[in-house]
Amino acid sequence: MTVHFIGAGPGAADLITVRGARLLASCGVCLYAGSLVPRELLAECPPDARLVDTADLTLDRITEELVRAHGEGHDVARLHSGDPSVFSAVAEQMRRLDAAGVPYEVVPGVPAFAAAAAALKRELTVPTVGQTVVLTRVAHRATPMPPGEDLATLGRSGALIVLHLAVRFVDRVVEELLPHYGAECPVAVVAYASRPEEVVLRGTLGDIAGRVREAGVLRTAVIMVGRTLGAEQFPDSYLYSAGRDRGGPPSLAP
């Protein structure tokens, strides 16, 4: 049988992929992060499915549940919030399943930063303004950041920075990015993206910390810092330009 690591999306239950929903409906066991995954999604599971909330489980316990379900002949849905490719702690689970000889697959989901951009009605890459998005976090009572991945270093690029798991440390974010982006650089904070309780804060590096404190945002948020958030005057993309050659492959004739 197979363990399916499924991206549950950013919060709204209907933002799971069709593939993810179909797998949920076919798996006899579902492990989910109760503090992050919407409970409405569990309605997609079979009525007799075994549901395991992993919010208070260690990695060892989670692995035991996955291996046990596989041994009992069950396909397993392992629901993760957002998309499994970033900040999901999937890598260590897959490593342990490899060691146990348990097969698995990964089903992508809508990441939190994409839901936040949708809430802002913003494209994060804008012609001639910014074409790079940096996804990162800050280290605080968590796994240390590797050398060269601190905010002061990443900020030198001037690219749009998207910070996960950092809203409690917004003052530190501001302090480290101010020298590179300036106090007037646009900033947005989106909490609970796509959920009914979604909160959208817009400001600048100079005032965003105060806005966050005033709104009482403490968790489940992303911080975005960069010029593309405020870009209005920019050339149209070459993608749809009338000057773009839309013909077939170039002729080989002399």
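Student: Which residue in S9 stands opposite alanine 188?

Tutor: Arginine 202 in S9 stands opposite alanine 188. Before we go on, note that this is a predicted model: local features need pLDDT of at least 70, side-chain atom pairs count only at pLDDT 80 or more, and totals for chains, interfaces and linings use all residues. Residues are numbered from 1 along each chain as its sequence is written, and side-chain values use heavy atoms, with hydrogens and water left out.

Student: What makes S8 and S9 a pair?

Tutor: Two strands pair if DSSP finds at least two bridges between them. Strand S8 (residues 186-191) and S9 have 6 bridges, in the antiparallel sense, so they meet that definition. Strands are DSSP E runs of at least two residues, while helices are H or I runs of at least four, both numbered from the N terminus.

Student: Why are S6 and S9 called edge strands?

Tutor: Their open sheet has the order S6-S7-S10-S8-S9, with mixed pairing. Strand S6 (133-137) and strand S9 (199-204) each have a single partner strand, so one side of each has no neighbour in the sheet. The twist in this sheet averages 20° from one strand to the next.

Student: How do you know that helix H4 lies across that sheet?

Tutor: Contact means heavy atoms within 4.5 Å. Helix H4 (residues 112-120) lies across S6, strand S7 (160-164), S8, S9 and strand S10 (221-225), running at about 65° to S10. For such angles, axes are lines fitted to C-alpha atoms, for helices over the stretch in contact, and values run from 0 to 180 degrees between N-to-C directions. Helix H7 (residues 208-215) also packs on the sheet, where H7 touches S8 and S9 and makes about 155° with the direction of S9.

Student: Which residues of H4 are called buried, and what covers them?

Tutor: Buried means under 20% relative accessible area (exposed is over 50%, partly exposed in between, with a 1.4 Å probe and protein chains only). In H4, Ala115, Ala116, Ala117, Ala119 and Leu120 fall in the buried class. Their cover includes S8, S9 and S10. Just after H4 comes lysine 121, with a positive phi near 55°.

Student: What makes the other sheet open, and how are its strands paired?

Tutor: Its 5 strands follow the order S3-S2-S4-S1-S5, with parallel pairing. Strand S3 (50-53) and strand S5 (104-107) stand at the edges with a single partner strand each, so one side of each lacks a neighbour in the sheet. Helix H3 (residues 90-100) lies across strand S1 (3-7), S4 and S5, at about 170° to S1.

Student: How do you know that S2 has partners on two sides?

Tutor: Strand S2 (residues 29-32) is joined by 4 bridges to strand S4 (residues 76-80), and by 4 bridges to S3. S2 runs parallel to S4 and to S3. Tyrosine 32 shows this nicely: it stands opposite leucine 79 in S4, and its bridge partner in S3 is aspartate 53. Leucine 31 stands opposite arginine 78 in S4.

Student: Why are both faces of S2 called covered?

Tutor: Val29 and Leu31 on one side, and Cys30 and Tyr32 on the other, are all buried. For the chain, buried residues make up 42% of the 254 residues.
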